[in-house]
Amino acid sequence: MRTATLLLVFFCVTAGFAQNIQNNPASNHGNKFEQLGATLPDANGYRTASGAPGHEYWQQRADYQISARLDEKDLRLHGQETITYFNNSPDVLTYLWLQLDENEHKPGTESNNFNESPLETPLTDFQLERLDFRNNLAEYGVHIESVTDAAGKALPYTVNNTMMRVDLPKPLQPKQKYVFKIKWNYKIVPRLKVGGRGGYELFEGDGNCVFTISQWYPRMCVYSDYQGWNNKQFTGRGEFALVFGNFSVQMQVPADHVIASTGTCQNLSEVLTPAQFSRWKTAQHSDTPVEVVTLEEAKARELKPEQDRYVTWKFQAENVRDFAWGSSRKFVWDAMSQPVEGKDVMCMSFYPKEAYSLYSRYSTKVVAHTLRTYSKYTIPYPYPTAISVEASSGMEYPMIAFNYGRTEPDGTYSARTKHGMISVVIHEVGHNFFPMIINSDERQWSWMDEGLNTFVQFLTEQAFDNNYPSSRGPAHKIIDYMSMPASQLEPIMTNSENIVQFGSNAYAKPAAALNILRETVMGRELFDYAFKEYARRWAFKHPAPADFFRTMEDASGVDLDWFWRGWFYDIQPVDISLDSVRAFTVGSEGATELVAKAAENPFGDDLPERTIPAEGLYQTRNRESGMHFLVDQDTTLRDFYYYYKPEKRTVPPGEPAPTGRGGGRKLDKVSEAEAAKFAGKFYYELTLSNKGGLVMPIILQWNYKDGSSEMEYISAYIWRKNESKVAKTFVKNKEVASIQVDPFKETADIDERNQIWPSTVQPSRFELFKGRRANRGTNNKGNPMQKALQQKN
């Protein structure tokens, strides 16, 4: 009876484990090298097994005619639109779903209640103001005034939080279109207080506002072949899934406002002064930024605002998925022309005086640099304009991006502010490619736009300047995240709303994974071709994760299922340990094992200081041979920090453990003839274990006693028969002094201490921190640019 019970328990546990594997086919409980199989959706006529759109692929379209009025006094936006919706699907539709994103701020909306809101420590007045504001949202949210058909007859509709269903008077058949109209208004939120992407920012010093108008009109939801209507609520985290179409938009704003917008303005000669319009025509043929609206003009408008007289700006945009704009009398506007593969693109920046010294030097040139680099790795930029707006935020829309980068009142700025500004401009302008053109579903999968975009952002940053301090992209930047407890981690393939560590999971980890794929797994040539093919296949379409995975394999001929399984479907980290090394030579006395042993410390108590490796050490593999950096091609981008060299930081070293040859033990003797065949050869048996669980290639650096070194790469497939431990023997023609696993931090290995033979004592993170503090100095007031300016004066 006891035996039977044990057998029954064993069977139940085993069956449950098998069921878990069956329900989670991408789980690493199974063989890490099995094909993804049922994890990916079946191929069909809409989406092929190669990752390309199928011969029956379709997608919907929506065209908009919109007129809007910005009431600056009442801080309210009024709008009315005519939507022409094209049903290109094979399905009959009885209703349409639209997004009302401004209802995110409406009282009672689900997203205002289901997020935690613990008090920060220390408590700040800003936090209390935001909590108080969220408690008084009665006047916010979208007010629908009417929904009618083309003839003006009312249509029934239902608002469900941030979604609105419009019931059609009769079913919309395949290949037919439907025209209807909506009239609405909403109170514009103070963006920095309430949060969110659109709103206004009040500048207390001069009493003027910068308006960022986004998610501002009722927009069509996506209806697709793989999920039907995407009417998942907008909570502020997962961004947007949108339909391509053409826009004709008129914005009525105070007469002294300047508008930055998606699309091209159709009446600049009417809204600009003759002098400004003349400068605009000059900018269209200039390869350096020209101020269309000058700093002096912007300052003059701030002093005498015109809130009662209005003008209308008219814009058109073709084949875009969204439309956004910014409006302010504070804007300086500069522009230049940038050729992109035979087509001239107007690169432009709009910014208040508070950002002038940074944005006038960098912004528009960084926009142009971004378009050139992204076009190289994806497809040529197809739109006529690309705009960067300084709005103390970071958010992207077709042809326009809202960024940050304010300076000190004296015009100086820190190196961190400068590089943060350049990076956010690259990132947000880069979003024109992911997801504005390669139109993935942000509401479901943030990584498909944020991760891919952050990866190309890294490549763009590295082409800007030597040793650019990229915060995301290199593999070693993700180590801290991958070392976290499992409760703080989710797979990259996690819905946007459920991610705990959003920045790391949606941005940094997928960017690092793609960097590893390019540099270490596939190689640049195969990766770049496949990545470009994915962009080409899915430009102006709606890709899903499987389309990306399949295209990368199909276009490269590299089986990557093990990589997708480990990096995208699991949370295990990389931790490859070099457990032991056995070294042999063969001579007339037979085979002799060489023993590595620690020698006495040759430095005694006076340990030499060790320089902290520069960031660039781990990024050199990401640069093309002979790369010409932008700051060398355009020396006007060289500012104070180009020439400023911070004091070198050093830390005490760890205790060295040099190798030494011991007598060793004698193995079986061989004949002199046999020994002669092996003379001068050194044999090294390496035993490595996979302590982290995520299988990866093994990268070895052999450091020889003659001072030379050699790199060796072993495919991840070495783990296919034993995912926990492997042993491999190497034959070398020189004696090895030391071996290091992953010396350039290419794989995001979380533990460097077990990667070196012979082992050395590594300084702890606390010791490194103390070393940095000791060399940092005590005067930390102001940025180096300010200090230099003060000394000069």
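In this predicted model, Gln740 stands opposite Ile756 in strand β33, and that pair of residues belongs to a junction where 2 bridges join β32 to β33, the two strands running antiparallel. The briefing starts from the sheet around this junction, then turns to a second sheet, to some backbone features, to a contact between two helices and to a pocket.

**The sheet that holds β33**

- The strands β30, β29, β32 and β33 follow one another in that order in an open sheet of 4 strands, and the pairing in this sheet is antiparallel.
- Because β30 (709-714) and β33 (756-757) each have a single partner strand, they stand at the edges, and one side of each is left without a neighbour in the sheet.
- Strand β29, which covers residues 698-704, is joined to β30 by 6 bridges, with the two strands running antiparallel, and within this pairing Ile699 stands opposite Tyr713 in β30.
- β29 also pairs with strand β32 (residues 736-741), again in the antiparallel sense, over 5 bridges, and here Leu700 has Val741 in β32 as its bridge partner.
- As general background, the strands of a sheet pair through backbone hydrogen bonds, and they do so either parallel or antiparallel.

**A sheet of mixed pairing**

- Another open sheet is formed by 7 strands, in the order β4-β7-β2-β1-β13-β17-β15, and its pairing is mixed.
- The edge strands of this sheet are β4 (142-149) and β15 (264-265), each of which pairs on one side only.
- Within the sheet, strand β1 (residues 61-71) and strand β2 (residues 76-87) run antiparallel and are joined by 11 bridges, and Leu70 stands opposite Leu77 in β2.

**Backbone features**

- Most residues other than glycine have a negative phi, and most peptide bonds are trans, which is the background for the next three points.
- Asn319 has a phi near 55°, a positive value in a residue other than glycine, and this residue is found in strand β17, which covers residues 310-320.
- The peptide bond from Phe434 to Pro435 is cis, with omega near 15°, and Pro435 lies in the loop between α8 (415-430) and α9.
- A cis peptide bond also leads from Trp757 to Pro758, with omega near -10°, and Pro758 has its place in the loop between β33 and α18 (765-774).

**The contact between α7 and α9**

- The axes of helix α7 (residues 356-377) and helix α9 (residues 447-462) come within 10 Å and cross at roughly 115°, and α7 passes α9 in a right-handed crossing.
- On the side of α7 the contact is made by His369, Thr370, Thr373, Tyr374 and Tyr377, while α9 contributes Asn453, Val456, Gln457, Leu459 and Thr460.
- By class, the residues of this contact between α7 and α9 divide into 4 nonpolar, 6 polar and no charged.

**The second largest pocket**

- Rolling a probe the size of a water molecule over the atoms shows where empty space is left.
- The second largest pocket holds about 310 Å³ of space, and of the 18 residues that line this pocket, the closest to its centre are Pro41, Tyr226, Ala544, Pro545 and Ala546.
- The lining of the second largest pocket is made up of 9 nonpolar, 4 polar and 5 charged residues.

Conventions
Residues are numbered from 1 along each chain as its sequence is written. This is a predicted model: local features need pLDDT of at least 70, side-chain atom pairs count only at pLDDT 80 or more; totals for chains, interfaces and linings use all residues. Side-chain values use heavy atoms; hydrogens and water are left out. On a 1 Å grid over the protein atoms alone, a cavity is a set of points where a 1.4 Å probe fits but cannot get out, and a pocket is an open set with protein on both sides within 12 Å along at least five of seven lines; lining residues have an atom within 4 Å of a point. Grid points are joined across faces, edges and corners, and a volume is the space filled by probe spheres set on the points. Ala, Val, Leu, Ile, Met, Phe, Trp, Tyr, Cys and Pro count as nonpolar, Asp, Glu, Lys and Arg as charged, and the others, Gly among them, as polar. Axes are lines fitted to C-alpha atoms, for helices over the stretch in contact, and angles run from 0 to 180 degrees between N-to-C directions. A crossing is left-handed if the near helix is turned anticlockwise from the far one by less than a right angle, and right-handed if clockwise. Contact means heavy atoms within 4.5 Å. Two strands pair if DSSP finds at least two bridges between them.
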